[in-house]
Amino acid sequence: MFVHDRYGLVLTIVAAGGAFAAIVSLFRPQILPIVRTFLRAMVAAVALQVVLGVVIFVTGARPVQLIHCFYGAATLAALPLGMAIGKRLGGREEQIWMVGGAVLTVLFAFRAMATG
C-alpha cells in the first residue's frame, strides 16, 4: 500500500471533520474564524496528496480506474473554489459556499479512494 493510499484515508477522515465543523459554523458563527483556518490548512494537505499522486503516476504506478485522476483533481478544486466564490458574495452566502466546498471535498475524496 502506497503512502498516497494511507494519507488519502487520513485526509478523508480529516476532511469529514472539517465539513462537520463547517456545518456547525452555520449555527455557531463564533467558530467561523477557526473553521476557515482549518479548511485553509486542509487545502494545503489535499495539495500535498495531489503532488504525491502525480509523483506516483509519473513513476509508473497507475490507479485501478483512470477516473481516479479526475476525482483527485476535483478534491483539490472543490474547497478553494467554494471559499473563493463565497468570499466574493460575503455574509451568510460565504458560509454556505464554504460548507458546500467542504462537503464536496469529502465526497470527492471518498470517491477517489473507491476508484484508486
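These questions and answers go through a predicted model of a four-helix protein.

Visitor: What makes up the secondary structure of the protein?
Guide: Four helices and zero strands. Along the sequence the pattern reads α-α-α-α.

Visitor: Why is the protein called as compact as a globular protein of its length?
Guide: Take the radius of gyration, which is 15 Å. The globule rule gives 13 Å for 116 residues. The two values are close, so the protein counts as that compact. The C-alpha trace spans about 45 × 25 × 20 Å along its principal axes.

Visitor: How do you know that the span of helix 2 agrees with what is expected?
Guide: Helix 2 has 27 residues. At 1.5 Å a residue, they should span 39 Å. The end C-alpha atoms are 39 Å apart, so the span agrees.

Visitor: What about helix 1, residues 3-27?
Guide: Helix 1 has 25 residues and an expected span of 36 Å. From first C-alpha to last it reaches 37 Å, which is close.

Visitor: Which parts cover the buried residues of helix 1?
Guide: The cover includes helix 2 (32-58), helix 3 (67-89) and helix 4 (91-115). Among the buried residues of helix 1 are Gly8, Leu11, Ala15 and Ala22.

Visitor: Why is Glu94 called buried?
Guide: The cut-off for buried is under 20% relative accessible area. Glu94 has 16% relative accessibility, so Glu94 counts as buried. Across the protein, 35% of the 116 residues count as buried.

Visitor: What makes Glu94 and Arg36 a salt bridge?
Guide: A side-chain nitrogen of Lys or Arg must lie within 4 Å of a carboxyl oxygen of Asp or Glu. In this pair the closest N and O atoms are 3.2 Å apart. The pair therefore meets the 4 Å cut-off. Glu94 lies in helix 4 and Arg36 in helix 2, so the salt bridge ties together parts 58 residues apart in sequence. The count of salt bridges comes to one.

Visitor: Which residues touch the most other members of the largest nonpolar core?
Guide: Ala22, Leu39, Leu79, Met98 and Ala102, out of 14 residues in that core. Helix 1, helix 2, helix 3 and helix 4 each supply at least two residues of this core. In soluble globular proteins, nonpolar side chains tend to be buried together.

Visitor: Which residues does Met98 touch, leaving out those up to four places away in sequence?
Guide: Among them are Ser25, Leu39, Leu79 and Met83. Arg36, the salt-bridge partner of Glu94, is also touched by Met98.

Conventions
Residues numbered from 1 in each chain as written. Predicted model: local features only at pLDDT ≥ 70, side-chain atom pairs only at ≥ 80, totals over all residues. Heavy atoms only, no water. Expected span 1.5 Å × (residues − 1). Buried < 20%, exposed > 50% of the residue type's maximum accessible area, 1.4 Å probe, protein only. Contact = heavy atoms within 4.5 Å. Core = buried A, V, L, I, M, F, W, Y, C linked by side-chain atoms within 4.5 Å. Rg over C-alpha atoms; globule rule 2.2 N^0.38 Å.
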